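Subject: Structure for your review

Dear colleague,

Please find below the structure that I am handing over to you. I should be grateful if you would read the notes that come after it.

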Amino acid sequence: MLQMITILFPSIALIGLGFYLFQSRILDEKFWNGAEKLNYYILFPALLFSSLANADMNMGHLNSILTVIFLIMAMIIAGVYLFAKLNRTPIAQIGVYVQSLIRFNTYLGLSIATTLNNAEIKSILVNILAIAIPLVNVVSILSLTDKNQLNIKNIFWSLIKNPLISSCILGITFNVLNIPIWSGFANLLNAFSSSSLMLGLLCVGTAIQFSTLKVYLKKSLLISLFRLLLIPLITFVCLQFFDLSHAAVIAIMIFFSIPTASSAYILTKLLNGDHQLMAASISMQTLLSVFTLALILALLQHYYV
């Protein structure tokens, strides 16, 4: 367990520092707005492009890994809509439940991947995170959109204009076509990538809102426990039916154990979802993941290392 805490400490410390700096107002709120935009439009896309352009996509079991990921996601989404139908849940909250359970904090996932001393786990996790981004964005938008207002053309163009998705597509293209990247530009991408993880985790800390937690304490706690404990347990059981390497199992388990993305709040607010509940869910998951991730990583080390 101590080793797992050591692995998670840099991420936890940066999130905590971001929360402190934001709450203490040492840095102006305009700084954080600018930092989020800089990371969203430049630094993070550079990280995704670089990771995918240089990733090993010739792994023989990558298709099996992605199949498992998408099957589990499909089960989660189907479960949410079944629950919503039985409870007549409004569309504004359905989108929150879907995002809370399938979106992932890429900053935290990549931070863990770079900290682990296993190149295979890191490579698999980077591939999973980057390839899943377009899927979860599509599902998130659809979950927040009433079927009577559904416009496929607008959704398609909004996805294409999304810098995260376009950088993933570009990175995969460079990888598949084996297009060389000039060393000078590669060094610039590395600098952007290093800055992105640090800045991203600091911004995650600013998303923690205790005021919304008080209002949605019970609901956000249930969502978070489902996401951080029950889904990893279901995933672990499902993985026993597939012939995957230990590295693949660990990477998939980490993927389904990290909390939801803080950017889900912005999308929820833009599409008139229940953004207060989304904020509470993000805050609760971020706080609880400090303990649940350490527990799950320790159990994985016990069984597979």
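The notes below cover confidence, pockets, cavities and one surface patch.

This is a predicted model, in which local features need pLDDT of at least 70, side-chain atom pairs count only at pLDDT 80 or more, and totals for chains, interfaces and linings use all residues. Residues are numbered from 1 along each chain as its sequence is written, and side-chain values use heavy atoms, with hydrogens and water left out.

The protein chain has a mean pLDDT (the predictor's confidence in each residue, from 0 to 100) of 87, with 95% of its residues at 70 or more. Helices are DSSP runs of H or I with at least four residues, numbered from the N terminus. Confidence is highest in helix 11 (residues 217-239), at a mean of 94, and lowest in helix 7 (residues 152-160), at 72.

Pockets and cavities were sought on a 1 Å grid over the protein atoms alone: a cavity is a set of points where a 1.4 Å probe fits but cannot get out, a pocket is an open set with protein on both sides within 12 Å along at least five of seven lines, and lining residues have an atom within 4 Å of a point. A volume is the space filled by probe spheres set on the points.

The largest pocket holds about 1300 Å³ of space. Among its 44 lining residues, E36, Y40, S262, S263 and I266 lie nearest the centre. Helix 2 (residues 29-53) provides the largest share of this lining, with nine residues.

The second largest pocket holds about 410 Å³. Its lining has 16 residues, and I76, G79, V80, L101 and F226 are the closest to its centre. Helix 11 contributes the largest share, seven residues.

Two cavities of 30 Å³ or more are present. The largest cavity, of about 40 Å³, is lined by L47, L48, S51, T106, L110, V126, L129 and A130. The second largest cavity, of about 30 Å³, has R103 and R227 among its lining residues.

On the surface, L71, M75, F226, L230, L233, I234, V237, F241 and F242 form a nonpolar patch (residues with over 30% relative accessible area and no salt bridge, nonpolar side chains joined within 5 Å; a salt bridge is a side-chain nitrogen of Lys or Arg within 4 Å of a carboxyl oxygen of Asp or Glu). Together these residues have about 840 Å² of accessible area (Shrake-Rupley method, 1.4 Å probe). Helix 11 gives the most to this patch, five residues.

Yours sincerely

Technical notes. Helix = DSSP H or I, 4+ residues; strand = E, 2+ residues; numbered from the N terminus. Patch = residues over 30% accessible without salt bridge, like charges linked within 9 Å, V, L, I, M, F, W, Y side chains within 5 Å.
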